[in-house]
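Here are my notes for you, colleague to colleague. Please keep the sequence and the 3D view open while you read.

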Amino acid sequence: MTEPIRFDTKIAVLIRDDLAAWQRLNVTAFLVSGVAGAAPDLLGEEYLDADGTRYLPMFRQPVLVFAGDRATLTSAHGRALTRGLRISIFTQELFGTGNDRDNRAAVRAVSREKLDLVGLALHGPRSAVDKVVKGASLHR
């Protein structure tokens, strides 16, 4: 058996724990797209099956999904920004929009301290990401 690879960095998603199941999945998908867009080097190579059918590449390392309450997300948001880490965010208002332009306008209309965060995602050094998600639990 091959020993697991230990990565120097971590990809983490933090989702508010009071969301419906469909919202958790939707928010997670949108948030990790931000990580992939900001750091395309995190993607591995394309996949091929035995018949030569090509499939899109995926992250080269695991994505850990955490859950926490509103206060946990607010604290994580502040810790990430204080550490200079780039994050993707999803706010409650984005459930009511239907396109990227309206999503960006909804976020732009609210000051950082008043964002109604339902999720955030980040990639960075393991220790920094661990400090950002402190207080959250692994999503079940």
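**Notes on the model**

1. A word before we start: this is a predicted model. Please read every value below as computed from that prediction.

2. Let's begin with helix α1, which spans residues 21–38 and so counts 18 residues. From its first C-alpha to its last, α1 reaches 26 Å, close to the 26 Å expected at 1.5 Å a residue. Its buried residues are Gln23, Val27, Thr28, Leu31, Val32, Val35 and Ala36. What covers them? The cover over the buried residues of α1 includes four strands: β1 (9–16), β4 (63–68), β5 (87–91) and β6 (117–125).

3. One of those strands, β6, deserves a closer look. Seven of its nine residues are buried, so β6 is largely enclosed by the rest of the structure. Strand β1 runs antiparallel to β6, and seven bridges join the two. Strand β5 is also antiparallel to β6, with five bridges between them.

4. If you would like a single residue to centre your view on, try alanine 121 in β6. Valine 13 has alanine 121 as its bridge partner, and serine 88 stands opposite alanine 121 too.

5. Now to the charged side chains: how many salt bridges does a search of the whole structure find? The search gives eight. Among them is the pair of lysine 10 and aspartate 130, whose closest N and O atoms are 2.3 Å apart. This pair links distant parts of the chain, with lysine 10 in strand β1 and aspartate 130 in helix α4 (residues 126–132), 120 residues apart.

6. Is lysine 10 buried or exposed? Its relative accessible area is 8%, so lysine 10 is buried, the cut-off being under 20%. Aspartate 130, its partner in the salt bridge, has 34% relative accessibility and therefore counts as partly exposed.

7. Another salt bridge joins glutamate 46 to arginine 54, with 2.8 Å between the closest N and O atoms. Glutamate 46 counts as partly exposed because its relative accessibility is 41%. Arginine 54 has a relative accessible area of 58%, which makes this residue exposed.

8. Next along the sequence, please find arginine 101 and aspartate 102, whose side chains meet in a salt bridge at 3.8 Å, N to O. Arginine 101 is exposed at 56% relative accessibility, while aspartate 102 is partly exposed at 30%. Elsewhere, Arg16, Asp18, Arg70 and Asp116 are joined into one network by salt bridges that share partners.

9. On the surface, which residues form a nonpolar patch? They are Tyr47, Tyr55 and Met58, and together they have about 320 Å² of accessible area. Tyrosine 55 lies in strand β3 (residues 54–55). With 41% relative accessibility, tyrosine 55 counts as partly exposed.

10. Last, a look at arginine 140, which sits in the segment after β7 (137–138). Why does arginine 140 count as exposed? Its relative accessibility is 90%, and anything over 50% is called exposed. Arginine 140 and proline 62 are 78 residues apart along the chain, and their C-alpha atoms are separated by 16 Å.

Definitions and conventions
Residues numbered from 1 in each chain as written. Predicted model: local features only at pLDDT ≥ 70, side-chain atom pairs only at ≥ 80, totals over all residues. Heavy atoms only, no water. Expected span 1.5 Å × (residues − 1). Buried < 20%, exposed > 50% of the residue type's maximum accessible area, 1.4 Å probe, protein only. Contact = heavy atoms within 4.5 Å. Patch = residues over 30% accessible without salt bridge, like charges linked within 9 Å, V, L, I, M, F, W, Y side chains within 5 Å. Areas by Shrake-Rupley, 256 points an atom, 1.4 Å probe, with all protein chains shown as cover. Salt bridge = Lys/Arg side-chain N within 4 Å of Asp/Glu carboxyl O. Pairing = 2+ DSSP bridges.
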